[in-house]
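Here are my notes on the model you sent, set out as numbered points so that each can be checked against the coordinates. I begin with a single residue and then move outward to the chain as a whole.

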Amino acid sequence: MHVFCHNEKAIGPYKRLGFAAAESLPLRRTEEEGMVKYSVVDRSEANAGFDNLRMELPIGRFRQAHPAALLTA
């Protein structure tokens, strides 16, 4: 799951479900045709003032919530 790192209203519910921050990705903000766009870039090219946060559900938490989901024969 990806979310802007300052969007606590989006991050909070996912944290309560067991998601954890896996990576913080720097963003570049540009305006094209009247629209604001964000792109993941190298830290040296970032200008957005915030990062894109990649969150993941750890496998242990997933297995706890869905014990039969990953069973193999």
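Leaving aside its neighbours within four places in sequence, which residues is Asp51 in contact with?

1. The model is predicted, and the remarks below should be read with that in mind. Beyond the four places on either side of it in sequence, Asp51 is in contact with Val3, Phe4 and Cys5, with Ser24, Leu25, Pro26 and Leu27, and with Arg43. Asp51 belongs to strand β4, which covers residues 51-56, and it has a relative accessible area of 12%, so it counts as buried, the cut-off being under 20%. One of the contacts can be described further, since the side chains of Asp51 and Arg43 are joined by a polar contact of 3.0 Å.

2. Asn52 is also placed in strand β4, and with a relative accessible area of 11% this residue is buried. Its side chain makes a polar contact of 3.2 Å with the side chain of His2. When neighbours within four places in sequence are left aside, the residues in contact with Asn52 are His2, Val3, Phe4, Glu23, Ser24, Leu25 and Leu27.

3. Turning to strand β2, which runs over residues 20-32, I would look at Glu31, whose relative accessibility is 56%. That value makes Glu31 exposed, because the cut-off for this class is over 50%. The side chain of Glu31 is joined to that of Arg29 by a polar contact of 3.3 Å.

4. Glu33 deserves a check of its backbone, as its phi is near 50°, which is a positive value in a residue other than glycine. Most residues other than glycine have a negative phi. Glu33 is found in the loop between β2 and β3, and it is exposed, with a relative accessible area of 83%.

5. Met35 lies in strand β3, and at 47% relative accessibility it counts as partly exposed. Met35 and Lys15 are 20 residues apart along the chain, and their C-alpha atoms are separated by 30 Å.

6. As for the overall fold, how many helices and strands does the protein chain have? There are two helices and four strands, and, read from the N terminus, their order is β-α-β-β-β-α. Among the contacts in the protein chain with a separation of 6 or more, 54% are accounted for by residues 24 or more positions apart.

7. The dimensions should be stated with care. The radius of gyration of the protein chain is 16 Å, whereas a compact globule of 73 residues would have one near 11 Å. Along the principal axes, the C-alpha trace spans about 50 × 25 × 25 Å.

8. The surface figures complete the picture of the chain. Of the 73 residues, 18% count as buried, and Asp51 and Asn52, discussed above, are both buried residues. The protein chain exposes about 5400 Å², of which carbon and sulfur atoms supply 53%.

9. On charge, the protein chain has 10 positive and 9 negative side chains, and the centres of these two sets lie 11 Å apart. The charged residues met above include Asp51, which is buried, and Glu31, which is exposed.

Methods
Residues numbered from 1 in each chain as written. Predicted model: local features only at pLDDT ≥ 70, side-chain atom pairs only at ≥ 80, totals over all residues. Heavy atoms only, no water. Rg over C-alpha atoms; globule rule 2.2 N^0.38 Å. Buried < 20%, exposed > 50% of the residue type's maximum accessible area, 1.4 Å probe, protein only. Contact = heavy atoms within 4.5 Å. Areas by Shrake-Rupley, 256 points an atom, 1.4 Å probe, with all protein chains shown as cover. Lys, Arg positive; Asp, Glu negative; His and termini not counted. Charge placed at Lys NZ, Arg CZ, Asp CG, Glu CD. Polar contact = N/O pair within 3.5 Å; in protein donor to acceptor, adjacent residues only side chain to side chain.
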